[in-house]
Amino acid sequence: MEYAQADDPCLDFCLWPYEPLVPQSARLRSVNLLYNSFRLAGAEHLIELCQVIRKEIGDFQTVWGIKQSEQGLSWELYFYDYQRLERAVSASRLIEILSPWFRCDLKVNESSPYFMFSIDLERDTLVNRHTLEEVNIYIGNAGSQVSSGMSYCLNANGLRFDNLYSFFDMKNERDDVYAKLTSSVHLDWQHFRPEQVLWPELMDCQTAVIANKRLSDGVYFSRITVEQLLFFLSVVKFSANHVAYVYLNREFFRHLLFDVGFDYTMTDNRIIITKCAYYGVF
């Protein structure tokens, strides 16, 4: 168990700071949730990998995501450096840090002004897979009044465009959220209702993110409480043992705000959630 310290920074999934909801002393850091998910999936060996990353690039510099799909639990680690070309945390540096565990032949263009990158981890990472085959690169989307960005997957075949995502302030841009949400080729206009994905229980979040992806759309609710997190995990039918862990320790996470999201498409007039996730920082 890692206990929070009074001076721990509270950061959302963009590494933007916020004030803790209650005093942090004697409460738990969000990384405990990540470690619990590793243990439940039989992937305790990934704890050591995260600790090495923390040692090399520092505490509270890595965003983690616990993802669930039909294939089960998986994880993604995100790394930011808003200095872009002057960045200290680069994809090439992470590849070097991970070289004792992964072989990676990918060459990242460090002259590209990306501000974030991520890697995916599966349960058998470090067991049966010894090659880091993909790195996700995120770049800004200049020329738009909406805060937005684009992501690309870098693999042996080169770069593949994956995702356009847009950020909206829920107090002042709610109409824009609805407009962006319905700008989709994956929806059936005659049968779609916004509340099918913009769940009223989460609409008091501070920021909504709408993502247009190749095979689906996505919606993210940023900065929600632990009670709202539990609601989300219940609706998307997250791993029952993990939800129980969150519930039993909810008082210890009450100082934090969480970020959650899911990918969805529409089939036979029904919204189908294809993947869901929530996020924290270590």
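**Close-up 1. The largest cavity and its lining.** A cavity is a set of grid points where a 1.4 Å probe fits but cannot get out, and its lining residues have an atom within 4 Å of a point. In this predicted model, the count comes to two cavities of 30 Å³ or more, and the largest holds about 170 Å³ of space. Its lining is made up of 21 residues, among which Leu 11, Tyr 18, Ser 30, Leu 256 and Val 281 lie nearest the centre. Strand 1 (10–11), strand 11 (258–267) and strand 12 (270–281) are the elements that give two or more residues to this lining, and strand 12 gives the most, with three residues. By class, the lining of the largest cavity divides into 13 nonpolar, four polar and four charged residues.

**Close-up 2. The second largest cavity.** This cavity has a volume of about 40 Å³, and the residues that line it are Glu 2, Arg 29, Val 31, Arg 54, Asp 59, Phe 60, Val 281 and Phe 282. Four of the lining residues are nonpolar and four are charged, while no polar residue takes part.

**Close-up 3. The salt bridge between Arg 254 and Glu 227.** The side chains of Arg 254 and Glu 227 meet in a salt bridge at 2.0 Å, N to O. This pair links distant parts of the chain, 27 residues apart, with Arg 254 in the loop between helix 6 (240–248) and strand 11 and Glu 227 in helix 5 (residues 226–235). Glu 227 counts as partly exposed because its relative accessibility is 38%.

**Close-up 4. A network of salt bridges.** Glu 2, Asp 8, Arg 29, Arg 54 and Asp 59 are joined into one network by salt bridges that share partners. Within this group, the side chains of Arg 54 and Asp 59 meet at 3.2 Å, N to O; Arg 54 counts as buried at 11% relative accessibility, whereas Asp 59, at 42%, counts as partly exposed.

Methods:
Residues are numbered from 1 along each chain as its sequence is written. This is a predicted model: local features need pLDDT of at least 70, side-chain atom pairs count only at pLDDT 80 or more; totals for chains, interfaces and linings use all residues. Side-chain values use heavy atoms; hydrogens and water are left out. On a 1 Å grid over the protein atoms alone, a cavity is a set of points where a 1.4 Å probe fits but cannot get out, and a pocket is an open set with protein on both sides within 12 Å along at least five of seven lines; lining residues have an atom within 4 Å of a point. Grid points are joined across faces, edges and corners, and a volume is the space filled by probe spheres set on the points. Helices (H or I, at least four residues) and strands (E, at least two) are DSSP runs, numbered from the N terminus. Ala, Val, Leu, Ile, Met, Phe, Trp, Tyr, Cys and Pro count as nonpolar, Asp, Glu, Lys and Arg as charged, and the others, Gly among them, as polar. A salt bridge is a side-chain nitrogen of Lys or Arg within 4 Å of a carboxyl oxygen of Asp or Glu. Buried means under 20% relative accessible area, exposed over 50%, partly exposed in between (1.4 Å probe, protein chains only).
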